[in-house]
Amino acid sequence: MELMKERVESPALASASVVLLRDGAQGLEVFLQKRHGLSDVLGGAYVFPGGKVDPEDADWALRTDRTPAELQAALAEPELEPEAAAALFVAAIREAFEEAGILFADVSPEQARADWEALRRGPRFGELLEGRGLRLAASSLLPWSRWVTPTLPSISRKRFDTRFFLATVPEGQVASHDTHEATESLWLPPKDALRQYWDGGIELAPPQIMGLAHLARHASVASTFAAARARTPPCIRPQPFDVDGVRTLCYPGDPWHSSPEQLLPGPTRLHYRNRRFEPDGGLAVLLGE
C-alpha cells in the first residue's frame, strides 16, 4: 500500500459501509472483501462492503421501514437533513447488496439470491427493485461510527465522509463477493484478521485496522451491538503529521490530536512503517492484550 503525499482539497464524498458480523465457533466474526487490485480506491486491500452515496439512493428515502426523521435520529446528526440521513442508510443497503449479495428487505433468501444474480447482469439497484412494493430494512442497520478522510488522505486520492453500520446477515442469505469490485471474501475473527495483517497475509487500510481493533474487544454480536447502542456514533477525523519522514495518523484522544477525548478503544495513533500502518506497541496493542 503506497503512501499518498499530495493534499486533496475536494469535498469528502458522502459514503456508507456495512460491517457484517456473526457468531462463529471462535466467537465474533467479521466479513471482509478483497478489493480488485486495479480499483482506484484501496485496490488489493481487505475492506467492509461499502461505497459512495448515489443520487438514486434519495429516491428510496421514503421506502424503508423507518422514517427519514427516525434515521436522522439514529445517526445522531441533527445538522443532517432527514432525507440525506435516509439516503445514507439506502446507500449502505444498496452497497451490501451490490458487493456482497446481502439484501436487507422483505424478501426470501431465494429471491435475494436471484435478484443479486440479475443485478450482476446489468440493471441498476433501483431499476431491479422498482414496482415491487419492497420496503428496505433500514432497521437492520445499527450506526457505529463516522469517518472523515483528512485533506492529506495517506492512501487514496479521494476523500470520503463514511458512516459505518453494524449488521448481521438476514437468515438464509449468504455473503459473497461480486468478482468485479471484490475478488475474494472471507469471515474471520477480528483478532485473526489483525494477525494476518501483521504477518503480511492481507492488506488493511487505517479505518479497517482501527475498526477491527475495536471489534477485537468483543466476543459476540450481542456485545458489539450493546456497546454501539450505548453511545452516540463517534465522528473520527484523523489528523496526519509527517515527522522525520514518517507519516503518523492521530485519532481523538492522542496528545497530537485537537480533540482530547478518546473515542475508540485501542491505539490513538498509527505510523506508516514497513509499507504499512502500525501502532506503537505493535500487534498486542491492536489486539487489546
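In the predicted model, Asp242 has Arg247 of strand 10 as its bridge partner. This pairing belongs to an antiparallel arrangement in which strand 9 (residues 239–243) is joined to strand 10 (residues 246–250) by five bridges. The two strands form a hairpin, with two residues between them. Within the turn, Asp244 adopts a positive phi of about 50 degrees.

Beyond the hairpin, the loop between strand 10 and strand 11 (269–273) contains Asp254. The residue is buried, its relative accessible area being 3%. Two polar interactions of the Asp254 side chain were identified. One reaches the backbone nitrogen of Trp256, at 2.9 Å, and the other is a polar contact with the side chain of Arg269, at 2.8 Å. When neighbours within four places in sequence are set aside, Asp254 is in contact with Thr268 and Arg269. Arg269 thus appears both among these contacts and as a polar partner of the Asp254 side chain.

The structure contains zero disulfides. Cys235 takes part in none, and the nearest cysteine sulfur, belonging to Cys250, lies 16 Å away. Cys250 is likewise in no disulfide, with the sulfur of Cys235 as its nearest cysteine sulfur at 16 Å. As a disulfide requires two cysteine sulfur atoms within 2.5 Å, the 16 Å separation places this pair outside the criterion. The surroundings of the two residues were also examined. Cys235 is partly exposed, with a relative accessible area of 26%, whereas Cys250 is buried, with a value of 0%.

Nonpolar packing was analysed next. In soluble globular proteins, nonpolar side chains tend to be buried together. The largest nonpolar core in the model comprises 41 residues. Leu20, Leu103, Phe104, Leu129, Leu136 and Leu141 have the most contacts inside this core. Two or more residues are contributed by each of strand 1 (13–24), helix 1 (68–75), helix 2 (82–100), helix 3 (109–119), helix 4 (125–129) and strand 6 (160–168). Helix 2 supplies the largest share, amounting to 11 residues.

The contacts of Phe104 illustrate the packing around one of these core residues. Not counting residues up to four places away in sequence, Phe104 touches Leu20, Ile93, Ala96, Arg135, Leu136, Ala137, Ser140, Leu141, Ala167, Thr168 and Pro170. Apart from the largest core lies another, of 39 residues, which includes Phe48, Ile202, Phe225 and Leu249.

Methods
Residues are numbered from 1 along each chain as its sequence is written. This is a predicted model: local features need pLDDT of at least 70, side-chain atom pairs count only at pLDDT 80 or more; totals for chains, interfaces and linings use all residues. Side-chain values use heavy atoms; hydrogens and water are left out. Two strands pair if DSSP finds at least two bridges between them. Helices (H or I, at least four residues) and strands (E, at least two) are DSSP runs, numbered from the N terminus. Buried means under 20% relative accessible area, exposed over 50%, partly exposed in between (1.4 Å probe, protein chains only). A polar contact is a pair of N or O atoms within 3.5 Å; within protein, one must be able to donate a hydrogen and the other to accept it, and residues adjacent in sequence count only if both atoms are side-chain atoms. Contact means heavy atoms within 4.5 Å. A nonpolar core is a set of buried Ala, Val, Leu, Ile, Met, Phe, Trp, Tyr and Cys residues joined through side-chain atoms within 4.5 Å.
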